[in-house]
Amino acid sequence: MPHPQAILVIGTDRYLIEEKVNALIREILPHAEKGDFSVETIHAAVDKADDAVGALQQARQAFVQTSFFATDKIVWLRNLSFSGATDRVSKSQTVRDAIEEFRTDLREHGLPEGVTLLITSTVLAKNSALFKTFQGMQKSGKAEIFDVGGGDPNSARKLVARFAAEQGWTIGAESVQAMVDRCGTDGNTLRNECAKLFAYTAGKEPLPEDVAAICTLHHDGEAWDLADAFGMHDLPGSIRILHTLLSLKAAPIMLVIVLEGRIDDLALLADARERGLLAPGNGQWASGLSDEDRAAIADLGAMDPLSRPGFTKGRLVSQSLRWTRAKAVAARMALYRCHEQLVTSPADPETLLELAISEALS
């Protein structure tokens with residue numbers, strides 16, 4: 001079934017967006033060749049209001065030129081960054097007026113015959129006027145919206161598994177988790193690191209140790225190193241990694257959320273160990289639990305630390321041995337206070353995080 005003339009592709013992972021775009025181009029213009037003039041790309045990731053207005057004007061001009069020469073064409077507004085977000089460019093009244101004019105023209109006059117408008121964005125707000133225009137056009141069959149998602153650990157794990165399968169490689173769940181923990185969730189990064197990993201193993205199934213040996217530690221992965229240092233009760237190491245992350249412009253609120261997630265796991269395991277709910281070795285739940293305890297564990301679902309892949313579970317179990325329930329609860333309260341202060345206080349985020357980590361590990 002042919003696609004409508006207006007298509008919007010959104011998501012939080014640029015790789016997945018570009019992958020979807022390539023598939024759409026092949027479907028819409030099956031005879032197009034790379035480098036020909038059938039796809040006009042207008043770069044819409046801008047940091048100035050004039051450039052945002054210029055991108056929209058360039059797109060409208062492309063419609064007119066295509067109509068004049070009567071050729072099938074895709075006009076691609078690529079990586080649009082200025083509609084509905086809270087950045088300075090999106091707040092510009094000049095930009096807002098230009099978007100309003102663009103969407104009004106799109107809604108009321110449509111597109112010339114043979115022209116397909118393709119807009120991609122990782123930041124387009126779903127409450128923005130432009131998105132709502134596409135929603136309205138989609139209801140009447142004049143537009144199509146694809147949300148490719150991405151940017152979260154679950155999507156990243158699926159990506160790694162798919163990359164490996166496409167090449168005929170085998171990779172286990174523990175190594176997949178190790179890759180995501182170390183390399184983060186960016187699709188393009190994961191694809192490159194996957195190729196490097198299998199080159200290192202000469203095509204053999206990699207172990208988590210191989211991931212640690214060859215894969216590059218990326219921004220998101222560094223946050224998990226912070227959680228590991230924190231879990232090991234390593235105050236100097238935690239502060240050192242914290243400074244590295246902040247120098248890389250990591251969001252302080254993201255870092256405290258990562259630490260909160262780790263201490264929640266450790267508190268649960270420490271509490272279970274003290275209550276005799278863990279089997280010897282602490283790697284699984286004890287046998288002979290009461291019906292009430294089994295029901296409580298079932299309710300944890302994916303939040304159950306002992307349901308994680310072995311590589312991740314082993315680290316959590318090992319780290320939990322360094323904590324008592326009381327210490328974990330106190331550390332969690334320190335992090336919660338920091339979280340609240342990061343949202344409400346004008347104090348320096350680095351100082352707040354350092355103090356919270358120091359208090360939690362004291």
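How do the residues that line the largest pocket divide into nonpolar, polar and charged? In this predicted model, the lining counts six nonpolar, four polar and seven charged residues. The paragraphs below start with the chain as a whole, return to that pocket, and then move on to the cavity, the salt bridges, the surface and two backbone details.

The chain is built from 16 helices and five strands. Along the principal axes, its C-alpha atoms fill a box of roughly 75 × 50 × 40 Å. Of the 362 residues in the chain, 44% are buried.

The largest pocket has a volume of about 510 Å³. Its lining is made up of 17 residues, and those nearest the centre of the pocket are Arg 157, Gln 177, Trp 224, Asp 265 and Arg 308. Four elements give two or more residues to this lining: helix H6 (153–166), helix H7 (173–183), H12 and helix H14 (310–320). Among the contributors, H12 provides the largest share, with four residues. For a reader who wants to follow this on screen, H12 covers residues 252–274.

Enclosed space was examined as well. Rolling a probe the size of a water molecule over the atoms shows where empty space is left. One cavity of 30 Å³ or more is present in the structure, and the largest cavity holds about 40 Å³ of space. Its walls are formed by Arg 60, Phe 63, Phe 102, Asp 105, Leu 106, Gly 110 and Leu 111. By class, these lining residues are four nonpolar, one polar and two charged. Helix H2 (49–69) and helix H4 (93–109) each supply at least two of them, and the largest share, three residues, comes from H4.

Charged pairs come next. Side chains of opposite charge can pair when their charged atoms come close. Across the whole structure, the search finds 19 salt bridges. One of them joins Asp 181 to Arg 315, with an N to O distance of 2.5 Å. This pair links distant parts of the chain, since Asp 181 belongs to helix H7 and Arg 315 to helix H14, 134 residues apart. Asp 181 has a relative accessible area of 8%, under the 20% cut-off, and is therefore buried. Both helices of this pair, H7 and H14, are also named among the elements that give two or more residues to the lining of the largest pocket.

A second salt bridge connects Lys 126 with Asp 147, whose closest N and O atoms are 3.0 Å apart. Lys 126 sits in the loop between strand E4 (115–121) and helix H5 (129–139), while Asp 147 is in strand E5 (residues 143–147), so the bridge ties together parts that are 21 residues apart in sequence. Both partners are partly exposed: Lys 126 has a relative accessible area of 49%, and Asp 147 has a relative accessibility of 46%.

In a third case, the side chains of Asp 293 and Arg 275 meet at 3.6 Å, N to O. Here Asp 293 is part of helix H13 (residues 291–300) and Arg 275 is in the loop between H12 and H13, so parts that are 18 residues apart in sequence are tied together. Asp 293 counts as buried because its relative accessibility is 17%, under the 20% limit. Salt bridges also link Glu 19, Arg 162, Glu 166 and Arg 191 in a network.

On the surface, Ile 253, Ile 257 and Val 343 make a nonpolar patch of about 250 Å². Ile 257 lies in helix H12, the element that gives four residues to the lining of the largest pocket. With a relative accessibility of 45%, Ile 257 counts as partly exposed.

Finally, two backbone positions are worth a look. Most residues other than glycine have a negative phi, and most peptide bonds are trans. Ala 202 has a positive phi, near 55 degrees. Ala 202 is placed in the loop between helix H8 (187–200) and helix H9 (208–214), and its relative accessible area of 64% makes this residue exposed. His 233 is not a glycine either, and its phi is also positive, about 60 degrees. The loop that holds His 233 runs between helix H10 (219–231) and helix H11 (235–247). At a relative accessible area of 27%, His 233 is partly exposed.

Notes
Residues numbered from 1 in each chain as written. Predicted model: local features only at pLDDT ≥ 70, side-chain atom pairs only at ≥ 80, totals over all residues. Heavy atoms only, no water. Patch = residues over 30% accessible without salt bridge, like charges linked within 9 Å, V, L, I, M, F, W, Y side chains within 5 Å. Areas by Shrake-Rupley, 256 points an atom, 1.4 Å probe, with all protein chains shown as cover. Salt bridge = Lys/Arg side-chain N within 4 Å of Asp/Glu carboxyl O. Buried < 20%, exposed > 50% of the residue type's maximum accessible area, 1.4 Å probe, protein only. 1 Å grid on protein atoms, 1.4 Å probe; cavity = no way out; pocket = protein on both sides within 12 Å on 5 of 7 lines; lining within 4 Å. Points joined across faces, edges and corners; volume = space filled by probe spheres on them. Nonpolar A, V, L, I, M, F, W, Y, C, P; charged D, E, K, R; others polar.
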